[in-house]
Amino acid sequence: MNDATLRLGLLGFGEAGQRFAADFVKAGLKHVVVYSRSAAAAAPADPLRVFAAAHGVEIAATPKALCQQSNLIIALTPGKAALPALRSIKRYLGNNHLYVDANTVGVKAIERIAKLLEGRCAFVDAAIMSAVPLDGIKAPLFASGSDAARFRDLVAPYGMKVEIVGDKPGAASAMKLIRSVCMKGLAGLLLESLEAAQRCGVRDAVAADMAAFIDAKPFQQIIKRFVCGTAVHAGRRIHEMADSLELLKSVGAPTRMTRATHAMFKELIDMKMPERYNGKEPDSIEPVLTALVEARG
Ligand SMILES: NC(=O)c1ccc[n+]([C@@H]2O[C@H](COP(=O)([O-])OP(=O)(O)OC[C@H]3O[C@@H](n4cnc5c(N)ncnc54)[C@H](OP(=O)(O)O)[C@@H]3O)[C@@H](O)[C@H]2O)c1
């Protein structure tokens, strides 16, 4: 990417692509061009063309035209389309381009894309960390790769916030997927516990009690309490989880998340984690996590 003027190309013109395109134009970017197969094939009265025209966004007729008309390309296709979409435009990319994959996609696919683009154009792995319909261009992004700072500096004047999380492609996508382990898992735990509460006729009281517990302290403190307390008190808590399991079974509620928690406590006990701390919680999560990594190798 040699010329200084930002010419933005979006590969994908769905929920995220449409909102980003409109927001970039609104924020003052003169040149925004998009490509998707349906947009390129759309008739003049098609809602995609009407939306593009209303927001000053140009629709490229082909992947080649998208590349010719842009120097920063942000891919916003479904994750499973990340590689096929890249393959459709790869031959038109050159050293005047910075290609940013902002799809939600696995780390292996990102590493594959990085390899495919090696020696052809600059590449940044990016992950969108909130809902685009809610936050638009202000949705926070994680980015990694040697050109991540260049990406951040190019889009910052338009209000896009990019946080650099590593110098290798894959780190940004890994962060998003690791965060999902907790956020999506939390959703599973809420569903399992609240279904049991519904069956026992205590749904609203349980929900209110859990909300009061979470709301009472900053989440950083809860992380420390959960990580350190679990390691130190695994021996005691496994009995509570056994009783919880029995209760869930007795009311016909699902048990898969609770069985996993019970198995996790058993593993910590087998690793002799509680003995390491002699009943006293460490001051930070670091020693617990280091011990876990060392124990598993
Ligand atoms: N929307 C959000 O709030 C949000 C938040 C975080 C992350 N993300 C991530 O951002 C990416 C895009 O999300 P989205 O919600 O905009 O998805 P979407 O609404 O399903 O839109 C996907 C777009 O990609 C296009 N596309 C698919 N295959 C293509 C190909 N081979 N070449 C060119 N374009 C292609 C589609 O059009 P055609 O099929 O007609 O080509 C469509 O315009 C996803 O990876 C998603 O996980 C989205």
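## Salt bridges

The structure holds 9 salt bridges. Please keep in mind while looking at them that this is a predicted model. Side chains of opposite charge can pair when their charged atoms come close. Three of these pairs are worth a visit.

Start with R152 and D153, whose side chains join in a salt bridge with an N to O distance of 3.0 Å. D153 has a relative accessible area of 46%, so this residue is partly exposed. R152 is partly exposed as well, at 32%. Another pair is made by R203 and D204, with 2.8 Å from N to O. Here D204 reaches 53% relative accessibility and therefore counts as exposed, while R203, at 37%, counts as partly exposed.

The pair E195 and R199 sits in helix α9, which spans residues 171–200. The closest N and O atoms of this salt bridge are 2.8 Å apart. Why are E195 and R199 separated by about one helical turn? Because they are 4 residues apart in the helix. E195 is partly exposed, with a relative accessible area of 30%, and R199 is partly exposed at 43%.

## The sheet and its edges

Now to the sheet. Its 8 strands form an open arrangement, and walking across it you meet β3, β2, β1, β4, β5, β6, β7 and β8 in that order, with mixed pairing. The edges are held by β3 (58–59) and β8 (162–166); each has a single partner strand, so one side of each is left without a neighbour in the sheet. Strands of a sheet pair through backbone hydrogen bonds, either parallel or antiparallel.

At the β8 edge, the pairing with β7 (residues 141–144) is parallel and runs over 4 bridges. Within this pairing, S144 stands opposite G166 of β8. Helix α6 (residues 107–117) packs on the sheet, where it touches β5 (98–101) and β6 (122–128). The direction of α6 makes about 160 degrees with that of β6. Helix α8 (residues 148–155) lies across β4 (72–75), β5, β6, β7 and β8. Relative to β8, α8 runs at about 175 degrees.

## Strand β6, covered on both sides

How many of the residues of β6 are buried? The count is 7 of 7, so this strand is mostly covered. In a regular strand the side chains alternate between the two faces of the sheet. In β6, A122, V124, A126 and I128 point one way, F123, D125 and A127 point the other way, and all are buried.

The pairing of β6 with β5 is parallel, over 4 bridges. If you would like a place to find that pairing on screen, look for D101, whose bridge partner in β6 is D125.

## Two buried leucines

L72 belongs to strand β4. What is its relative accessibility? The value is 0%, so L72 counts as buried. Apart from neighbours within four places in sequence, L72 is in contact with L6, R7, L8, G9, L98, V100, F151 and V155. L72 and F123 are 51 residues apart in sequence, and their C-alpha atoms are 10.0 Å apart in space.

L248 is found in helix α12 (residues 234–250). At 7% relative accessibility, L248 counts as buried. Setting aside residues up to four places away in sequence, L248 touches E192, A196, A253, P254, T255 and T258. How far apart in space are L248 and C67? From C-alpha to C-alpha the distance is 56 Å, with their positions 181 residues apart in sequence.

## A nonpolar surface patch

Let us finish on the surface. A nonpolar patch of about 450 Å² is made by F213, I214, F219, I223 and F226. Helices α10 (203–216) and α11 (219–232) each supply at least two of the patch residues. Which helix gives the largest share? That is α11, with 3 residues.

F219 has its place in helix α11. With a relative accessibility of 40%, F219 counts as partly exposed.

Methods
Residues are numbered from 1 along each chain as its sequence is written. This is a predicted model: local features need pLDDT of at least 70, side-chain atom pairs count only at pLDDT 80 or more; totals for chains, interfaces and linings use all residues. Side-chain values use heavy atoms; hydrogens and water are left out. Two strands pair if DSSP finds at least two bridges between them. Contact means heavy atoms within 4.5 Å. Axes are lines fitted to C-alpha atoms, for helices over the stretch in contact, and angles run from 0 to 180 degrees between N-to-C directions. Patches are made of residues with over 30% relative accessible area and no salt bridge: like charges are joined within 9 Å, nonpolar side chains (Val, Leu, Ile, Met, Phe, Trp, Tyr) within 5 Å. Accessible areas come from the Shrake-Rupley method with a 1.4 Å probe; for residues, only the protein chains shown count as cover. A salt bridge is a side-chain nitrogen of Lys or Arg within 4 Å of a carboxyl oxygen of Asp or Glu. Buried means under 20% relative accessible area, exposed over 50%, partly exposed in between (1.4 Å probe, protein chains only).
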